[in-house]
Amino acid sequence: MFLVDSHCHISNLNSINDNILINNIINRAFKKNIKFILAVSTSIKDFYKIKKIIKNKKNIKCSCGIHPSYINNKEDFTELKKISKYNLVIAIGETGLDYYKCYTPKTKQQNIFRKHINIACSEKKPLIVHTRNAIQDTLSILKEEKAEKCSGVIHCFNEDIIAAKKILDINFYISFSGIITFKNTNKFIDIIKFVPISKILIETDSPYLSPEPYRGIKNEPSFLIEIAKKIAIIKNKSVNEIAKQTTKNFFKLFNKVTNFNMKH
């Protein structure tokens, strides 16, 4: 079995800056068949932390982007454009809109989101999109900026079937996290049945959103198997089938992956 964690905040797992800790986390993941990890950045500063952590680790690549909750008045898009060209970088993001916390005015979030889309299209690298309480504006901007040219994924999907259909209509993928394993989240049953398996990715979003039965424990990539199991039950397929298809989907979308060691 071969699973891919399509969204992990590895720099936050390394909060005490202990390389042994990170290596242990990666080894635990590999033993659970999570054999590739996409480390997602939330700021330029975060990107450089990730770059240092994953140095020489062939089975981990990264993204570059500015999360809508971490926008400040010193964002340097010249630097972001430079970083986006690195071979290590296989995606642009995490970017998008967050109207729940709304630490940054909506208009500024929208402007910076558009800039990320332009970089993604220019570099032909897919987008990793965060949307919270902002799905209509998120979809409108993706359409207006012709984001289908670069494609991408709505990560940690927590919307309804109507939104899912609109996301699929622009040829984006939908990624499911540990949320689908929580109690009282039956809405995901119909959504997961609806979304074609060819458009599904899975993620931990670690160290956040630990799936059952690990609620209350800091999330990590090795827990990804629980999300695959849940989707397998809903789709009436084997875990191996879910692993095979979601891994295929990942490498189809993130097609800039190079220098990858299948044997770890």
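Strand β4 covers residues 89-98, and E94 sits in that stretch. The model is a predicted one, and a handful of its backbone features catch the eye. As a rule, peptide bonds are mostly trans, and residues other than glycine mostly have a negative phi. Against that background, the bond leading from G93 into E94 is cis, with omega near 25°. Another cis bond joins E212 to P213, this time with omega near 10°. P213 belongs to a loop, the one running between β8 (200-202) and α9 (224-235).

Phi gives a couple more entries for the list. N133 is not a glycine, yet its phi is positive, at about 55°. The residue is part of the loop that connects β5 (127-132) with α6 (135-144). N133 counts as exposed because its relative accessibility is 54%, and the cut-off for exposed is over 50%. S151 also carries a positive phi, near 60°, and is likewise a residue other than glycine. Its loop lies between α6 and β6 (152-154). Unlike N133, which is exposed, S151 is buried, with a relative accessible area of 10%.

Next comes helix α10, which takes in residues 239-253. At 1.5 Å a residue, its 15 residues should span 21 Å, and the C-alpha atoms at its ends are indeed 21 Å apart, so the expected and modelled lengths agree. Looking down the axis of α10, the buried residues fall within an arc of 160°, which means that they line one face of the helix. Those buried residues are I242, A243, T246, T247, N249, F250 and L253. On the face turned away from them, α10 carries the exposed residues K244, K248 and K252. The spacing fits the general picture: an α-helix has 3.6 residues a turn, so residues three or four places apart point the same way.

The end of α10 also takes part in some ring packing. For aromatic rings, the usual description is the distance of the centres plus the angle of the planes. Ten aromatic pairs turn up in a search of the whole structure. One of them is F36 with F251, an edge-to-face pair at 5.3 Å centre to centre and 70° between the planes. F36 is in strand β2 (residues 34-39) while F251 is in helix α10, so this contact ties together parts that are 215 residues apart in sequence. F36 is buried, with a relative accessible area of 0%, whereas F251 counts as partly exposed at 24% relative accessibility. F251 also pairs with F250: the ring centres are 5.2 Å apart and the planes stand at 90°, so this pair is edge-to-face as well. F250 itself counts as buried, at 0% relative accessibility. Taken further, ring pairs link F2, F36, F250, F251 and F254 into a cluster.

F254 appears once more when internal space is considered. Rolling a probe the size of a water molecule over the atoms shows where empty space is left. In this model, the count comes to two cavities of 30 Å³ or more. The second largest of them holds about 30 Å³ of space. Its lining is made up of S6, H7, I128, V153, H155, S175, E203 and F254. By residue class, that lining splits into four polar, three nonpolar and one charged.

How values were computed. Residues are numbered from 1 along each chain as its sequence is written. This is a predicted model: local features need pLDDT of at least 70, side-chain atom pairs count only at pLDDT 80 or more; totals for chains, interfaces and linings use all residues. Side-chain values use heavy atoms; hydrogens and water are left out. On a 1 Å grid over the protein atoms alone, a cavity is a set of points where a 1.4 Å probe fits but cannot get out, and a pocket is an open set with protein on both sides within 12 Å along at least five of seven lines; lining residues have an atom within 4 Å of a point. Grid points are joined across faces, edges and corners, and a volume is the space filled by probe spheres set on the points. Ala, Val, Leu, Ile, Met, Phe, Trp, Tyr, Cys and Pro count as nonpolar, Asp, Glu, Lys and Arg as charged, and the others, Gly among them, as polar. Helices (H or I, at least four residues) and strands (E, at least two) are DSSP runs, numbered from the N terminus. Buried means under 20% relative accessible area, exposed over 50%, partly exposed in between (1.4 Å probe, protein chains only). The expected span of a helix is 1.5 Å times one less than its number of residues. The arc is that of the directions from the helix axis to the C-beta atoms. Rings of Phe, Tyr and Trp (its six-membered ring) pair if their centres lie within 6.5 Å; planes under 30 degrees apart count as stacked, over 60 as edge-to-face and the rest as tilted.
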